[in-house]
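Please open the structure in your viewer, and keep the sequence panel beside it. This tour moves from the whole chain to single residues, with a selection to make at each stop.

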Amino acid sequence: MQRIEDMGLAETFRLIAKLPEGVRRQQALAHALDELLEEEIEYRTGLRHQNAGWHQVSSVGGMGEGRGECTGLVDHVGKAAERYQQESQWRTMAAALLSRLTDRQRMAVLLAAYAIPPVHNCQSPRMMTQSQAVAAQVAILARLGWAPGAVEVAPFKSPTALRKTAARGRGSLLYMVLSQAEMAA
């Protein structure tokens with residue numbers, strides 16, 4: 001039997017729809033939510049800033065050149081493919097789910113998901129404890145798209161406050177992921 005942690009999102013959603021209530025279903029729901037949050041974090045920290053499709057020079061800019069009457073025509077399909085290559089249904093679903101949370105819960109859920117527990121012999125700027133994430137929360141939230149002072153939300157004073165707020169947010173998100181999985185089935 002395949003481990004839940006090794007499944008893609010589509011497989012996980014199919015599994016959630018088939019499983020009866022129980023521990024395994026809760027594990028599948030938590031995995032699906034973790035993957036959706038990872039999609040959103042990856043988009044916010046890297047893919048959003050690539051600004052695909054808006055560069056001065058396009059990789060499809062020379063398409064159609066030298067082919068008779070088509071010379072100089074813009075390949076609109078190629079430009080659209082380049083612009084939207086980073087968008088996916090999972091990223092859209094993650095953004096829709098997160099939009100239903102309050103600003104404080106959204107920040108807590110993303111901040112808690114951003115902090116990856118340190119692993120021996122591995123390096124990543126995301127590897128930190130919850131305490132380190134709370135200490136660097138302004139910089140991390142700026143990386144995730146919040147300008148300091150743009151949202152009137154009090155900072156998290158301790159890792160416990162972050163965990164409690166993130167747990168409340170994840171609880172409501174798990175319920176929404178379950179309803180999405182049941183609709184997809």
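Two residues are said to be in contact when heavy atoms of theirs lie within 4.5 Å. With the whole protein chain selected, and looking at contacts with a separation of 6 or more, residues 24 or more positions apart account for 67% of them. The model is a predicted one, in which local features need pLDDT of at least 70 and side-chain atom pairs count only at pLDDT 80 or more, while totals for chains, interfaces and linings use all residues. Residues are numbered from 1 along each chain as its sequence is written, and side-chain values use heavy atoms, with hydrogens and water left out.

**The whole chain**

Colour the chain by secondary structure, where helices (H or I, at least four residues) and strands (E, at least two) are DSSP runs numbered from the N terminus. How many helices and strands does the protein chain have? There are 8 helices and 0 strands, and read along the sequence the pattern is α-α-α-α-α-α-α-α. For the next stops you also need the terms for accessibility: buried means under 20% relative accessible area, exposed means over 50%, and partly exposed is in between, using a 1.4 Å probe and protein chains only. Of the 185 residues in the protein chain, 34% are buried.

**Helix 5**

Select residues 103-114, which form helix 5. The expected span of a helix is 1.5 Å times one less than its number of residues, and for the 12 residues of helix 5 this gives 16 Å, which agrees with the 16 Å between its end C-alpha atoms. Now show the side chains of its buried residues, which are Gln-105, Arg-106, Met-107, Ala-108, Val-109, Leu-110, Leu-111 and Tyr-114. Stay on Gln-105, which counts as buried because its relative accessibility is 17%. Leaving aside neighbours within four places in sequence, Gln-105 is in contact with Thr-165, Arg-168 and Gly-169.

**Helix 2 against helix 5**

Add residues 23-45, which are helix 2, to the selection; the axes of helix 2 and helix 5 come within 10 Å and cross at roughly 90 degrees. Here axes are lines fitted to C-alpha atoms, for helices over the stretch in contact, and angles run from 0 to 180 degrees between N-to-C directions. Helix 2 is therefore roughly perpendicular to helix 5, a description used for angles of 65 to 115 degrees. On the helix 2 side, the contact is made by Leu-37, Glu-40, Ile-41, Arg-44 and Thr-45, and on the helix 5 side by Arg-106, Val-109, Leu-110, Ala-113 and Tyr-114.

**Helix 2 against helix 4**

Keep helix 2 and select residues 89-98, which are helix 4. Helix 2 and helix 4 pack with their axes 8 Å apart, at an angle of about 100 degrees, and they are therefore roughly perpendicular to each other. Where do the two helices meet? Leu-36, Leu-37, Glu-39, Glu-40 and Tyr-43 in helix 2 meet Trp-90, Arg-91, Met-93, Ala-94, Ala-95, Leu-97 and Leu-98 in helix 4. Centre the view on Arg-91, which is buried because its relative accessible area is 13%; leaving aside neighbours within four places in sequence, Arg-91 is in contact with Glu-39, Glu-40 and Tyr-43.

**Charges over rings**

A charge sits over a ring if NZ of Lys or CZ of Arg is within 6 Å of the ring centre and within 35 degrees of the ring normal. Select Arg-44 and Trp-146, and you will find Arg-44 over the face of Trp-146, at 4.8 Å from the ring centre. Then select Arg-126, whose charged end sits over the ring of Tyr-114, 5.2 Å from its centre.

**The loop between helix 5 and helix 6**

Go next to Asn-121, in the loop between helix 5 and helix 6 (130-135). Is Asn-121 buried or exposed? Asn-121 counts as exposed because its relative accessibility is 70%. Most residues other than glycine have a negative phi, whereas the phi of Asn-121 is positive, near 65 degrees. In the loop between helix 5 and helix 6 you can also select Pro-125, which counts as exposed at 65% relative accessibility. Pro-125 and Ala-115 are 10 residues apart in sequence, with 9.0 Å between their C-alpha atoms.

How values were computed
Parallel < 35°, antiparallel > 145°, perpendicular 65-115°, else oblique.
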